[in-house]
Amino acid sequence: SAPYARELLLEGNPVAAKYVKEFKKALSNQNRAVGNLFRGPNQIEDIGLTINKLERGDLKLRVRALEAERSLSRLEAWQRVIGGALFASMLVNVGTVLSV
């Protein structure tokens, strides 16, 4: 009993502090549970509305396809190359016409 009495005298009342801490934690959990009780049905309704929109086709999901993006970037590069070649051939034609 000596260590227990010493603990009470030196540290105040750690057992009561422990119980207060546990009570505050339980109260916090209870408040969160009550909040979720009223928020949960609204979230479920929102999810249901989104699913209905998907089924009707009012909402479409966008899926990124990396292959499509890579091929698009390759096509853009080719388009720049062809545009440059056309511009160069145009300059050659203009030069030829002006030199004659």
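Student: How much area does the protein expose?
Tutor: This is a predicted model, where local features need pLDDT of at least 70, side-chain atom pairs count only at pLDDT 80 or more, and totals use all residues. Residues are numbered from 1 along each chain, and side-chain values use heavy atoms, without hydrogens and water. Carbon and sulfur atoms supply 63% of the exposed area (Shrake-Rupley method, 1.4 Å probe). The protein exposes about 9500 Å².

Student: Which helix has the highest confidence?
Tutor: Confidence here is pLDDT, the predictor's score for each residue from 0 to 100. Helices are DSSP runs of H or I, at least four residues, numbered from the N terminus. Confidence is lowest in α1 (residues 2-11), at a mean of 68. The highest mean, 94, belongs to α3.

Student: What share of the residues is buried?
Tutor: Buried means under 20% relative accessible area, exposed over 50%, and partly exposed in between. The protein has 100 residues. Its buried share is 1%.

Student: Which residues form the salt bridge?
Tutor: A salt bridge needs a side-chain nitrogen of Lys or Arg within 4 Å of a carboxyl oxygen of Asp or Glu. A search of the whole structure finds one. Its closest N and O atoms are 2.9 Å apart. Both partners are exposed: they are D58 and R56.

Student: Where is F87 placed?
Tutor: F87 is partly exposed, with a relative accessible area of 49%. Along with M90, L91, V94 and L98, F87 makes a nonpolar surface patch of about 510 Å². Patch residues have over 30% relative accessible area and no salt bridge, with nonpolar side chains joined within 5 Å and like charges within 9 Å. F87 sits in helix α3 (residues 66-99).

How values were computed. Helices (H or I, at least four residues) and strands (E, at least two) are DSSP runs, numbered from the N terminus. Buried means under 20% relative accessible area, exposed over 50%, partly exposed in between (1.4 Å probe, protein chains only).
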